[in-house]
Amino acid sequence: MYSLLSAYQQRENSRMEQTPPAISTDCVQQLLELFPKKRARAHGNSFSPLPEPLTGKEMIILSMLGHGASNKQIAEELGNTVGTVKVYLHRIYGKLGVENRTQALLRAQEISLLEAPKL
């Protein structure tokens, strides 16, 4: 998402047309500022901490894991079966190079995919 927003911002900044952009450049800038600084710097150096990035749905599931959701709760929330959630979790674990949900959450925090929980 960060890379898409950055590309859009660069394209809009270099446009010569007088028509207003489809999305406000101020709005795009505000969205970019919401990304953790560590992740933004890593992207600026063309560095990706993962060989294959997580999809949007995988990120949603990872976030739900971070909030303590069970496989059943995730399945109900997303309208999937528990089996489908397990397939997504297996893919997430593979991309993060981990073996379980605890390791996945720790790895996601290390590479700034998720923020550390506030105590």
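In this predicted model, Asn71 counts as buried because its relative accessibility is 16%, and buried means under 20% relative accessible area. Asn71 lies in helix 5, and its side chain is joined to that of Arg101 by a polar contact of 3.0 Å. When residues up to four places away in sequence are not counted, Asn71 touches Arg101 together with Val82, Val85, Lys86 and Leu89.

Two of these partners, Val85 and Leu89, are also among the buried residues of helix 6, which are Val85, Tyr88, Leu89, Ile92, Tyr93, Lys95 and Leu96. Seen down the axis of helix 6, these buried residues fall within an arc of 160 degrees, so they line one face of the helix. Such an arrangement can be read against the geometry of the α-helix, which has 3.6 residues a turn, so that residues three or four places apart point the same way. On the other side of helix 6, by contrast, His90 and Gly94 are exposed. The cover over the buried residues of helix 6 includes helix 4 (56-66), helix 5 (71-78) and helix 7 (101-110).

The length of helix 6 was also examined. Helix 6 comprises 15 residues (residues 82-96), which at 1.5 Å a residue should span 21 Å, and this expectation agrees with the model because the end C-alpha atoms of the helix are 21 Å apart. Just after helix 6, Gly97 takes a positive phi of about 70 degrees.

Definitions and conventions. Residues are numbered from 1 along each chain as its sequence is written. This is a predicted model: local features need pLDDT of at least 70, side-chain atom pairs count only at pLDDT 80 or more; totals for chains, interfaces and linings use all residues. Side-chain values use heavy atoms; hydrogens and water are left out. Helices (H or I, at least four residues) and strands (E, at least two) are DSSP runs, numbered from the N terminus. The expected span of a helix is 1.5 Å times one less than its number of residues. Buried means under 20% relative accessible area, exposed over 50%, partly exposed in between (1.4 Å probe, protein chains only). The arc is that of the directions from the helix axis to the C-beta atoms. Contact means heavy atoms within 4.5 Å. A polar contact is a pair of N or O atoms within 3.5 Å; within protein, one must be able to donate a hydrogen and the other to accept it, and residues adjacent in sequence count only if both atoms are side-chain atoms.
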